[in-house]
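Please open the model in your viewer and keep the sequence panel beside it, since each stop on this tour begins with a selection to make.

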Amino acid sequence: MQENKRGQWGSSFGFLMASIGSAIGLGNLWGFPYKMGSSGGFAFLVIYLILVLLAGIPLMMAEFSLGRKTGTGVGAYAKLSEKYKVIGWMAAFCPFLILSFYAVLAGMTLRYCLGFLVQIVGFDGFSGQGSGFFGFLLYDTKAMVLFLALAMAITMIIVMGGVQGGIEKFSKAVMPALGVILIGIIIFVATQEGAADGYKFMFKPDFTIFADPSSFFGVLKTAAGQMFFSLSLAMGINITFGSYLSKEKNLQKNAVIVPFSDTIFALLAGMMIMPACSAFGVDYGAGPGLLFASMQKVFLDGMGGMVGNVVGFLFYFLVFIAAITSSIALLEVCTASVVDRQLAKGKDPNRKKISLIFAIAIFIVGLPTAMDALGSGGAALKAPFELLGLEAGGAGYAMWNDCWLDFYDMITEGVLMPLGALLMSLLLGWKLPKLVQEECEEGGHTFKFAGYFKVAYRIIIPIIMVIVLYTQIQAFFNL
Ligand code: PHE
């Protein structure tokens, strides 16, 4: 049944490319550098890498296993037992909320891409805006909403048409091209005066941010959230991918390659943005706008002229496509959760209608993010901290009340995803301790590091998740 109705990946390579394509997106290019920038640079990097090893890889393996075992996506939990259904619903809610701000950012990359294109063809519409173009765009509420709508519409149209072919084709071409342009920009930035400080910020051992122990937990929480987001964990997405993986494929190997490639892209983005900040005088801790603010300086002030326009156009074009391959996956999880449920009830689901309803709902939920100028104050819509008359969290690490984006981030990355990961780990560690191992051994593969993974699911991941959740609750109530 699985073969006919849901299809399987033609090749291991196709599977890998699709899961890598969904993993690599704005999380790597936009999220990782700005979170590293406001959370102590090197200290954040070290914690992030440790988390990916200790928790990211085992969680990815667990999700692939769950998906292949049950042959379904977020519905996997309900299939194991009615009792676990709620974990599935939590997982399905995250992509909904994440896509609402993801599409705002995807829309912004499209706008930058078109902005450079307009300059290339000679209509100097944005001259004089210089690096201020970003600030100008944020306060241009109509444009922000329009580009949010465009990004959602493009995502929806692709999802309506059924999805795998599209994702596979896109990812195969775009990911390598993105890698090449990142390396090109990294080399350019390296030649700029002042770049060295950026590398120091990222790679020179420095834990001064931990002088205050509470900031250790803050950085841990931010890094954990980033890991979930970037690896697309705890959203049912890898469960869905696993369900398409055929039994003879080496699941364990894939669960290592995907996080590994994803981390390489995050590091590349960091090595592009941190030195760009030091060379062009952008504050590392600038927050969610860091990617745009620093890259505008590189293209307009650093490269300048036609070269800057062309490279800027190519860069944003590729980032936009990478963002779209991820948004497709996000909308697909939402749509598939309803489609699968209706199929299970014996109904004949209308896939197009379901995608349309989700797209509209996500657009509406995304409006506050498009309208508060990412919390820079005085925008069409007030940021949560302004509404509540509080101070912006600012220094150290992102606070939930900084802007609507951070608020949505807190609900998903901060609470629901660690909670989902906690429950899944406990389930696979204690209740169904054989599931992951059996899936990994399918097709005659050996399950490596069995002892480690057992401890990871039973103890290590639960402890990390409890700390993250506790820190989140504390940060929320201490305000
Ligand atoms: N991992 C993607 C990124 O880093 C975001 C994403 C999450 C995509 C979940 C699909 C599903 O940009």
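How many residues does the largest nonpolar core have, and which of them have the most contacts inside it? Before selecting anything, please keep in mind that this is a predicted model. The core has 157 residues, and those with the most contacts inside it are W30, I185, M227, M295, F299 and F315. Helix α6, which covers residues 85-120, gives the most to this core, contributing 20 residues.

For an overall view, colour the chain by secondary structure: the protein comes to 20 helices and zero strands. Of its 479 residues, 58% are buried. If one takes the contacts between residues at least 6 apart in sequence, 80% of them join residues at least 24 apart.

Next, select M295 and display what surrounds it. Setting aside residues up to four places away in sequence, M295 touches I185, M272, I273, A276, F315 and Y316; of these, I185 and F315 are also among the core residues with the most contacts.

Now return to α6 and select I98, which has its place in that helix. At 1% relative accessibility, I98 counts as buried. Leaving aside its neighbours within four places in sequence, I98 is in contact with F229, M235, L330, T412 and M417. A distance label drawn from I98 to L405, C-alpha to C-alpha, should read 9.0 Å, although 307 residues separate the two in sequence.

Keep α6 on screen and add helix α8, residues 141-160; the two pack at an angle of about 105°, and their axes are 7 Å apart. That angle makes α6 roughly perpendicular to α8. To see the contact itself, show L99, S100, A103, V104, A106, G107, M108, L110, R111 and L114 on the α6 side, together with A143, M144, F147, L148, L150, A151 and M152 on the α8 side. Coloured by residue class, the residues of this contact divide into 14 nonpolar, two polar and one charged.

The next stops concern charged side chains. A search of the whole structure finds eight salt bridges, and three of the pairs are worth selecting in turn, beginning with K35 and E413. The side chains of K35 and E413 meet at 3.1 Å, N to O. Because K35 lies in helix α3 (residues 26-38) and E413 in helix α18 (residues 404-431), the pair ties together parts that are 378 residues apart in sequence. Both K35 and E413 are buried.

Move then to K85 and E82, whose side chains form a salt bridge at 3.3 Å, N to O. Here K85 is partly exposed, with a relative accessible area of 32%, whereas E82 is exposed, with 58%.

Last, select E439 and K247, where the side chains meet in a salt bridge at 3.0 Å, N to O. This pair links distant parts of the chain, with E439 in helix α19 (residues 435-441) and K247 in the loop between α12 (237-243) and α13 (251-280), 192 residues apart. Is each partner buried, partly exposed or exposed? E439 is buried, with a relative accessible area of 2%, while K247, at 34% relative accessibility, counts as partly exposed. To finish, select K35, D409 and E413 together, which salt bridges with shared partners join into one network.

How values were computed: Residues numbered from 1 in each chain as written. Predicted model: local features only at pLDDT ≥ 70, side-chain atom pairs only at ≥ 80, totals over all residues. Heavy atoms only, no water. Core = buried A, V, L, I, M, F, W, Y, C linked by side-chain atoms within 4.5 Å. Buried < 20%, exposed > 50% of the residue type's maximum accessible area, 1.4 Å probe, protein only. Helix = DSSP H or I, 4+ residues; strand = E, 2+ residues; numbered from the N terminus. Contact = heavy atoms within 4.5 Å. Axes fitted to C-alpha atoms, helices over the stretch in contact; angles between N-to-C directions. Parallel < 35°, antiparallel > 145°, perpendicular 65-115°, else oblique. Nonpolar A, V, L, I, M, F, W, Y, C, P; charged D, E, K, R; others polar. Salt bridge = Lys/Arg side-chain N within 4 Å of Asp/Glu carboxyl O.
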